[in-house]
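Student: Please take me closely through one part of this model, the place where the ligand sits. After that, show me a few residues from other parts of the chain.

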Amino acid sequence: MITLASISEKVHAGERITDEEALFLFESRDLIAVGELAAAVNRRRNGDRVFFNVNRHINHTNICVNRCSFCAFYRTADQPGAYLYDLEEIRNRATEAHAQGATEIHIVGGLHPDLPFDFYLEMLRTVKEVSPDLHVKAFTAVEIEYLSKLAGLSVAGTLAALQEAGLGSLPGGGAEIFAPAVRNRLCPEKISGERWLAVMEEVHGAGLKSNATMLFGHIESHADRVDHMHRLRELQDRTGGFQVFIPLAFQKENNPLGHLKRPGPGGVDALKTLAVARIYLDNFANIKAYWVMLGLKTAQVALSFGVNDLDGTVVEEKIGHDAGAATPQTMGRDDIVALIRKAGRVPVERDTLYNELRVY
Ligand code: V47
């Protein structure tokens, strides 16, 4: 019989937990016990250290051919509010970020119906021209698949061209929920979960690191979350290319899914999800609390529930804020350091590839 004690014994012995055990943890009403177990796993790996980075997000366009039901960000080209940055606007943002000490530019955007492949290469080159030291983490697996069609190249060929132009690693977006029954309701036009994973396998095969996300707190079940993490753990066993797992808390405003009276996850659900992820994903080095979607207070408390990474300064965030996120657009380096210190932990500034830059 599965009990909290039997799971705890396994985890303390360094053994991997099963899907059934992960489900048991999700269904447990003992949030504190689950959190303590996750905190113990994290303490063993990372001690008191909590990572953050100084970064800037650039969402170059919100024009998108995929009309995902959870998304408040996308527009069709003729809708009010549709936008596309030109290379000058990209350069200005990268220049500003570099002046503010950013080490990373995080670029993702909609699947624009008629930009040439060259635009994407130019975007990367533009950032690298601002400073070759800026790491460009860009394009989800969904965008990579789209770009490969656009370029008429294989995924490997597309990645090689993007790398040549300055691509440094990939963010983890577009994963949503892999289970087909849910995915078909969330984003029927998006590539399948299997394809997302296959593209990431090629990304890792090309020697690039990536992140992995899971959009939670909408129509998915606990079993769907376990299935999602199962597929990630399995791929990670084969490639080791994922740097961090990032559960993204669903924001409910201005999107059809929210209008179905889906309120998004509460604090208890968010903390439990991060904790179960820390316990289950034994081959992931880092678990990130993305403060933009979680809220600052929940993100801070998450540091006692297995989390060792808070993302970064962000600066300009549209995807969560268009969907009603109540957090600020940005946090200064000092704000993040204070937030971590006030949780009794040690702030460590990292670069995108998790090299330590400075201990505060
Ligand atoms: O794929 C869209 C999500 C993702 C909503 O890799 C929403 O370091 C909540 O992936 N409520 C993009 N989430 C953002 C993302 C990300 C963010 C920060 C760091 C990293 C990283 C990756 O945002 C999308 C989608 O899953 N999203 N709409 C919404 N209403």
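Tutor: Start with a term. A cavity is a set of grid points, computed over the protein atoms alone, where a 1.4 Å probe fits but cannot get out. A molecule sits in a cavity if more than half of its atoms lie within 2 Å of the cavity's grid points. Keep in mind that this is a predicted model.

Now apply the term. The ligand sits in the largest cavity. How many residues surround the ligand? There are 24. The closest are Lys137, Gly172, Gly174, Glu176 and Lys288. Two strands also help to build the shell. Strand E6 (210-216) and strand E7 (242-249) each supply at least two of its residues.

Next, look at the polar atoms. A ligand oxygen lies 2.4 Å from an N or O atom in the side chain of Glu176. At Gly173 the partner is a polar backbone atom, 3.4 Å from an oxygen of the ligand. At Gln251 a polar backbone atom is again the partner, but here a nitrogen of the ligand lies 2.8 Å away. How much of the ligand does the protein bury? On its own, the ligand exposes 620 Å², and the protein buries 95% of that.

Move on to Phe178. This residue is in the loop between strand E5 (167-169) and helix H8 (180-186). Is Phe178 buried or exposed? Its relative accessible area is 1%, so Phe178 is buried, because the cut-off for buried is under 20%. Leaving out residues up to four places away in sequence, Phe178 touches Arg183, Gly193, Trp196, Leu197, His228, Arg231 and Leu232. Lys342 is another matter: 164 residues along the chain from Phe178, with 36 Å between the two C-alpha atoms.

Gln236 belongs to helix H10 (residues 222-239). With 6% relative accessibility, Gln236 counts as buried. A polar atom of its side chain lies 3.0 Å from the backbone oxygen of Asn283. Asn283 is also one of the contacts of Gln236 beyond four places in sequence; Gly241, Phe242 and Phe284 are on that list too.

Two loop residues deserve a check of their backbone angles. Phe139 is in the loop between strand E4 (135-138) and helix H6 (141-151). Its phi is positive, near 70°, and Phe139 is not a glycine. With a relative accessible area of 0%, Phe139 is buried. Tyr354 is in the loop between strand E10 (346-350) and strand E11 (356-359). Here too phi is positive, about 70°, in a residue that is not a glycine. At 14% relative accessibility, Tyr354 counts as buried.

Finish with Glu202, in helix H9 (residues 193-205). Its relative accessible area is 35%, so Glu202 is partly exposed. Which residues does Glu202 contact, once neighbours within four places in sequence are left aside? They are Val155, Ala156 and Leu159. Take Val155 as the example. Along the sequence, Val155 and Glu202 are 47 residues apart, yet in space their C-alpha atoms are 7.2 Å apart.

Now go back to the site where we began. Find the ligand in the largest cavity. Then trace its contacts, including the side chain of Glu176 and the backbone of Gln251.

Definitions and conventions:
Residues numbered from 1 in each chain as written. Predicted model: local features only at pLDDT ≥ 70, side-chain atom pairs only at ≥ 80, totals over all residues. Heavy atoms only, no water. Helix = DSSP H or I, 4+ residues; strand = E, 2+ residues; numbered from the N terminus. Buried < 20%, exposed > 50% of the residue type's maximum accessible area, 1.4 Å probe, protein only. Polar contact = N/O pair within 3.5 Å; in protein donor to acceptor, adjacent residues only side chain to side chain. Contact = heavy atoms within 4.5 Å. Near = heavy atom within 4 Å. Areas by Shrake-Rupley, 256 points an atom, 1.4 Å probe, with all protein chains shown as cover. 1 Å grid on protein atoms, 1.4 Å probe; cavity = no way out; pocket = protein on both sides within 12 Å on 5 of 7 lines; lining within 4 Å.
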